[in-house]
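Q: Could you take me through the unusual spots in the backbone of this protein, one at a time? I am new to this structure, so a friendly tour would help.

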Amino acid sequence: MKNDRLLRALRRQPVDRTPVWLMRQAGRYLPEYRATRKQAGSFLAMAKNPDLACEVTLQPLRRFPLDAAILFSDILTVPDAMGLGLYFVEGEGPKFERPVRTHADIARLAVPDMGTELRYVMDAVSTIRRELAGSVPLIGFSGSPWTLACYMVEGGGSKDFARVKSLALNDPAAMHRLLDVTTDAVIAYLAAQRDAGAQALQVFDTWGGVLSPSMYREFSLRYLQRIAHELPRGDGEDRTPLILFGKGNGAHLEALADTGTDAVGVDWTVDLGDAVRRTGGRVAIQGNLDPVTLYASPEAIRREAGRALDDYAAGNGGSREGHVFNLGHGMSPDMDPEHAGALVAAVHELSAR
């Protein structure tokens with residue numbers, strides 16, 4: 001592979017500079033993405049067409065010297081394949097036609113067949129791997145069981161997550177049945193992406209941070225542990241690294257490092273030096289520039305990137321190894337592509353060994 005910085009950093013091996021990729025690096029902030037989406041007719045049509053998914057995955061790599069590609073898809077492909085009927089409302093985001101509300105709804109859930117219902121994802125992974133031709137690694141991903149359950153029960157996004165939290169509090173046994181089948185599906189989904197060619201895997205626990213500490217341990221962490229233990233990842237240099245990323249997961253870094261994951265991704269509310277110290281070098285750390293920084297000037301972006309790099313090194317005995325630079329969450333559609341380019345250039349320049 002021409003550029004294996006990401007994989008080396010995730011294994012906490014020496015690299016010539018800190019690798020950088022950006023959550024939502026393939027997205028609406030790029031005019032070429034908007035053109036492809038217009039051609040496809042909708043987000044879902046684009047995500048379900050392996051050639052178009054490959055095209056938009058590669059678009060940011062043609063603009064910026066990023067150190068990884070990430071599969072263009074959506075975290076809700078798994079519940080969609082479970083029969084919940086995913087659709088998107090302009091300005092409102094994802095919705096499900098058939099949300100999970102009753103014991104009967106939960107009993108009907110089954111792990112989808114990866115070779116049929118989710119074949120389009122695996123075809124996209126293999127197409128992207130072929131087109132990358134060893135230039136950079138390809139990251140596959142899934143939503144976490146808790147985060148998927150939030151959408152499945154709420155029927156879409158939520159301000160207070162009242163339905164899903166009420167289910168967890170009123171009927172924990174039913175909630176665990178839902179989370180168990182969803183975890184089985186996530187493990188099968190990530191394993192299939194790995195078989196299709198994904199070289200690193202990330203789990204997005206976007207809504208883990210809405211839980212109290214005790215509920216987080218019971219309804220999110222427990223299932224992240226299952227993924228880390230049960231997902232086949234191989235051995236030695238062929239081992240596929242796993243990244244557990246959570247928004248609002250700063251209170252749980254020690255527990256996440258103990259799951260058996262290879263890396264923990266953190267949002268911008270966590271000091272990177274503290275994250276390294278608290279996890280004791282057991283995992284690589286990914287993060288964690290506040291995405292809003294990309295609205296600032298290129299000079300401010302460079303300053304903040306340097307601050308994050310130095311914070312990490314300060315917590316790691318002066319060493320920059322084991323750090324994957326990223327945003328603390330995804331990019332927004334109205335961001336300037338030039339500012340993303342300025343960030344990537346700053347990270348590479350300031351972290352050169």
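A: Let's start with Arg-12, which is partly exposed, because its relative accessible area is 40% and the partly exposed class lies between under 20% for buried and over 50% for exposed. Keep in mind that this is a predicted model. Arg-12 sits in the loop that runs between helix 1 (5-10) and helix 2 (31-40). What draws the eye here is the backbone: phi of Arg-12 is near 60 degrees, a positive value in a residue other than glycine. Most residues other than glycine have a negative phi.

Now move along the chain to Phe-161, where phi is near 55 degrees, again a positive value in a residue other than glycine. Phe-161 also belongs to a loop, the one between helix 8 (145-154) and helix 9 (162-170). Its surroundings are another matter: Phe-161 is buried, with a relative accessible area of 4%.

The next stop concerns a peptide bond. Gly-287 and Asn-288 are joined by a cis peptide bond, with omega at about 0 degrees. Most peptide bonds are trans. Asn-288 is part of strand 8, which covers residues 284-289.

To place these spots in the whole, step back a little. The protein has 15 helices and nine strands, and buried residues make up 58% of its 353 residues. Its radius of gyration is 19 Å, which agrees with the value near 20 Å for a compact globule of 353 residues. The C-alpha trace spans about 55 × 45 × 40 Å along the principal axes.

Notes: Residues are numbered from 1 along each chain as its sequence is written. This is a predicted model: local features need pLDDT of at least 70, side-chain atom pairs count only at pLDDT 80 or more; totals for chains, interfaces and linings use all residues. Side-chain values use heavy atoms; hydrogens and water are left out. Helices (H or I, at least four residues) and strands (E, at least two) are DSSP runs, numbered from the N terminus. The radius of gyration is taken over C-alpha atoms; the globule rule is 2.2 Å times the number of residues to the power 0.38. Buried means under 20% relative accessible area, exposed over 50%, partly exposed in between (1.4 Å probe, protein chains only).
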